[in-house]
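Trainee: I should like to learn how to read the features of a structure such as this one. May we take them in turn, with the general idea before the particular case?

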Amino acid sequence: MKYTSSILALQLCIILGFSTCYCESRFTTQINSLKDYFNASNSDVGDNGTLFVGILKNCQEESDRKIFQSQIVSFYFKLFEKFEGNEIIQHDMEVIKENIIAKFFKSNSSKVNAFRNLTRISVNDVYVQRQAIIELKKVMDDLSPNQRKRRRSQMQFRDRRASK
């Protein structure tokens with residue numbers, strides 16, 4: 001019995017190892033295809049330095065890193081959206097987008113939808129501008145960790161008073 005379970009564990013490790021290699025290989029293939037399409041391998045592309053990598057390298061804290069990653073993911077979603085009807089690179093973009101969703105959002109569709117809705121808010125819409133100004137104080141309060149803790153304790157205090 002011990003022998004068969006060891007063989008099954010070995011087979012599982014081999015399968016998982018090969019599937020990971022296949023996924024990374026497929027992912028690299030898609031990126032190379034996009035590099036070719038956008039002519040990104042030319043020597044003049046990196047003349048002005050890095051676009052995102054330098055920023056991510058300078059992030060020391062995970063929370064800071066997540067903030068910048070969300071902006072970078074937003075950029076790629078907008079880029080993919082811009083070339084959505086392009087049949088030449090459509091499949092490659094879909095594969096990479098699925099990979100980003102799996103890695104960044106942990107395949108949580110409600111988070112993906114909320115993120116997309118946020119990125120689609122038009123800053124040029126007067127109604128949106130007015131609504132954003134109305135919500136500004138609450139957003140600013142939410143940015144402060146001390147305010148969140150205080151608000152949470154106030155809510156708990158109110159809940160205790162209401163239940164008595």
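Mentor: Let us begin with one residue: leucine 79 is found in helix α3. Helices (H or I, at least four residues) and strands (E, at least two) are DSSP runs, numbered from the N terminus. This is a predicted model, in which local features need pLDDT of at least 70 and side-chain atom pairs count only at pLDDT 80 or more, while totals for chains, interfaces and linings use all residues. Residues are numbered from 1 along each chain as its sequence is written, and side-chain values use heavy atoms, with hydrogens and water left out.

Trainee: Does leucine 79 count as buried, exposed or partly exposed, and what decides which?

Mentor: Buried means under 20% relative accessible area, exposed over 50%, and partly exposed in between, with a 1.4 Å probe and protein chains only. Leucine 79 has 25% relative accessibility and therefore counts as partly exposed. Leucine 79 and methionine 93 are 14 residues apart in sequence, and their C-alpha atoms are 9.5 Å apart in space. For the protein chain of 164 residues, 17% count as buried.

Trainee: How many helices and strands does the protein chain have?

Mentor: There are 7 helices and 0 strands. The pattern along the sequence reads α-α-α-α-α-α-α.

Trainee: How is a pocket recognised, and how much space lies in the largest pocket?

Mentor: Rolling a probe the size of a water molecule over the atoms shows where empty space is left. On a 1 Å grid over the protein atoms alone, a pocket is an open set of points where a 1.4 Å probe fits, with protein on both sides within 12 Å along at least five of seven lines; lining residues have an atom within 4 Å of a point. Grid points are joined across faces, edges and corners, and a volume is the space filled by probe spheres set on the points. In this model the largest pocket holds about 1,200 Å³. Its lining comprises 28 residues, with Ile31, Phe52, Ile72, Phe75 and Tyr76 nearest the centre. Two or more lining residues come from each of α1 (2-37), α2 (53-57), α3 (62-82) and α4 (90-104). The largest share, 8 residues, belongs to α3.

Trainee: How do the residues of that lining divide into nonpolar, polar and charged?

Mentor: Ala, Val, Leu, Ile, Met, Phe, Trp, Tyr, Cys and Pro count as nonpolar, Asp, Glu, Lys and Arg as charged, and the others, Gly among them, as polar. The lining of the largest pocket has 19 nonpolar, 6 polar and 3 charged residues.

Trainee: What is the volume of the second largest pocket, and which residues line it?

Mentor: The second largest pocket has a volume of about 230 Å³. Among the residues lining it are Ile67, Lys78, Phe115 and Ile121. Helices α3 and α5 (109-119) each give two or more residues to this lining, and α3 gives the most, with 5. The division here is 4 nonpolar, 4 polar and 1 charged.

Trainee: How many salt bridges are there, and how does one read them?

Mentor: A salt bridge is a side-chain nitrogen of Lys or Arg within 4 Å of a carboxyl oxygen of Asp or Glu. By this rule the count is 3. Arginine 120 and glutamate 81 form one, at 3.3 Å from N to O. Arginine 120 lies in the loop between α5 and α6 and glutamate 81 in helix α3, so this pair ties together parts 39 residues apart in sequence.

Trainee: Where do lysine 137 and aspartate 141 lie?

Mentor: Both are in helix α6, 4 residues apart, about one turn of the helix. Their salt bridge brings the closest N and O atoms to 3.1 Å. In the salt bridge of lysine 97 with glutamate 94, the corresponding separation is 3.6 Å. Lysine 97 is buried, with a relative accessible area of 11%, whereas glutamate 94 is partly exposed at 29%.

Trainee: Which residues have a positive phi without being glycine?

Mentor: Asparagine 39 is one of them, with phi near 55°, in the loop between α1 and α2. Serine 107 is another, with phi near 60°, in the loop between α4 and α5.
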